[in-house]
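Here is a short briefing to read alongside your structure. It looks at model confidence and then at backbone angles.

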Amino acid sequence: MRAQLGLSLMCLTVALAVTASFPVIAALVPKISRMTVGGLPVTLVVLGFAFYPVLLAVGWFYTRQARQLEARFTDLVDPPTRPPDV
Amino acid sequence: MSDASVSAIVFVTLLTIMVGARGIRVARTPDDFMVAARQVPPALNAAAISGEYLSAASFLGIAGLVVSQGLGSLWYSVGYTAGYLVLLLLVAAPLRRFGAYTIPDFAHGRLRSPGLLRATTVLVLVIGWFYLLPQMKGAGITLQWVLGTPYWVGVAILGVVVSCNIAMGGMKGITFVQCLQYWLKLCAIGIPALVLLMATGHGSTRNLTPDRGPVFTTATVVRVPEATGFTLARPARATVSGVLDQRRFQHQAVELCACRYTAGAGTQIGFGAGAPVPVSLAMAPSSRESWDSPFLATGTNGAHPLIATYGVIIATFFGAIGLPHILVRFYTNPDGEAARRTTLIVVLLLSTFYLFPAVLGVLARLHAPQLYLSGDSDSIVLALPSLLLPGLPGELLAALVVAGAFAAFLSTSSGLLVSIAGALSHDFMKGGVTSFRWCALAAGAIATGTALLINGFSLALLVGWAFAIAASSFCPLIVLGIWWRQLTRVGAAAGIVIGGGGCLAAIISTMLGAADGGWGAVLLGQPAIWTVPLAFAVMIVTSLLTQGTLPGNVEQAMLRMHLPESLSRQAYRGVSWSPVTERSRKPPVG
């Protein structure tokens, strides 16, 4: 459980650090929100498209790690030859 | 408006009723009604969850806000998606393993307190109704736009269809309906967005450039449907027919200055290409920030945009955990691992969907800025296709959008009604299928009544408020309940009452217009910024002070939530564990 919580908190920190830091950065460096990427305002690119792959990647990483943690834990507690049903 | 749109509404409604009616034959026990007997595979379940989640706010509200308030409104769509990531990281698997039907069941099973059970049930009703109202509003304005019927007709139709459908089919029925409706919604927003993008996309990006009011890209005649005040950013020449500032014009050229005008109902004003777009006073951006600023100003009159943005981020990121109609779907997963996989697929499906409201909002800003004069930002998505693509193709696309919008109202309000009626009948009326049916009808009727009063608020704002209440009450309860042994019932109750109550009070005072600007408007209009940390703090401090009231079953409950199924099946074989009434656990499979 401790390991699971650690994993969750780590992933949460990464996701929050990427997304929630954007307003602060934009507030501190107003020039950023004036930039354009290929003719589109940077706000549109970041909020409209760029954040979703980040969220997905974090989610995918977490699901994989959590499954491995559980499989390892199951093997540790319950070594019989039965394959871990994951 | 068009026959195509009307048939689209009829089609979606009939589809919902018919697929829901299939459930009558299957739904026999309360278990069937409540959680579809826990046999739903991840991909189907994920589509059902997304179908239920994507509400009127996502379908109509976000694009409308993007046009009127600026790109910062996209924080809503990012937040609605990220909410599921947070849910995946913190609660998905343990909550499924705990094996309770609803949030009140979870609170009671984990903390063993009838008082807490009642408090959480009341909160389920509050959040549920808060979320149900914008769906009803959406139906009202959509029918208003399509058929020209008064606002209340759409509200009443949605209320009747949904309550009857739930009362008949329960949840077994709507799992399939919800799944279908996700794909319907995706097509209904994706196809118009892509078609319109291809039809118009090679134009200029002039209206996207910073620090400039929008301009007409081609000569456009704007028709003012009802008497409207508007402002112009720069002087412009226009041809006016009708009433302008109490003077009557007959197709006359007028030099308009950069000031405020009032146009009478039915007035037509022709602008040349490059002329500034008039901005309706009702829709004027509430913030002085430029349109492309990454900050959000809805509901706070533009005060302290950075704080307001964080208010929305906190509310939406942490609110999804506490939504009553979403959590109940996680119990339909066969096990904790499947719950995780389901949630990940949900994040994928939501990310895909939310690409399109942004596209539609930007297209409207680019090519149909006259929608600024339409007054209600929520109907922009409905009006866009026929404006950009005149003739039959535009009409068909409009029908598709209307179908998707109706799917959104139907699916979200169905899910909400299931949880409201479930909470009412399960916790207040001692359960049973008949009482569930009556509760569904009663809850539907009450929501329909109240929805008639909230026409003035934006959809995304209303839904954002439901998220804020959930984030400052249920989110701390569930997160701490899962991960923190020392949570006591007194602490949980105190956190829920102070966090949820504070949030609700702030929102109601905003609805009544308590604060106009400055800090008051931010802290009351986007209360999650202070209520969520407050709720967590109160819960933790009070729990530490009342360690004497720790429930006796903590260790057992913790094991139950965190042991992988392969182990817990062994550990609990022969032991009767019952956090609540658990009648249909899957037989162990090895």
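Chain B has an average pLDDT (the predictor's confidence in each residue, from 0 to 100) of 78, and 82% of its residues score at least 70. This is a predicted model, in which local features need pLDDT of at least 70, side-chain atom pairs count only at pLDDT 80 or more, and totals for chains, interfaces and linings use all residues. Residues are numbered from 1 along each chain as its sequence is written, while chains are lettered from A and ligands numbered from 1 in the order in which they are written.

**Confidence**

- The model's scores are ipTM 0.85 and pTM 0.83.
- Within chain B, confidence is highest in helix 20 (residues 528–545), at a mean of 91, and lowest in helix 2 (residues 30–35), at 51. Helices (H or I, at least four residues) and strands (E, at least two) are DSSP runs, numbered from the N terminus.
- Residues 573–590 of chain B stay under a pLDDT of 50, and the model gives them 20 contacts beyond four places in sequence; a contact means C-beta atoms, placed from the backbone, within 7 Å.
- Where pLDDT is low, please don't read the predicted coordinates in detail.

**Backbone angles**

- Most residues other than glycine have a negative phi.
- Arg112(B), not a glycine, has a positive phi of about 55°. Arg112(B) sits in the loop between helix 7 (103–111) and helix 8 (114–147) of chain B.
- His251(B), in strand 4 (residues 247–256) of chain B, also has a positive phi, near 50°.

**Exposure**

- Arg112(B) counts as partly exposed because it has 17 C-beta neighbours inside 10 Å.
- His251(B) is exposed, with 10 other C-beta atoms within 10 Å.
- A residue is buried with 20 or more other C-beta atoms within 10 Å of its own, exposed with 12 or fewer, and partly exposed in between, with C-beta atoms placed from the backbone.

Notes. Two residues are in contact if their C-beta atoms, placed from the backbone, lie within 7 Å.
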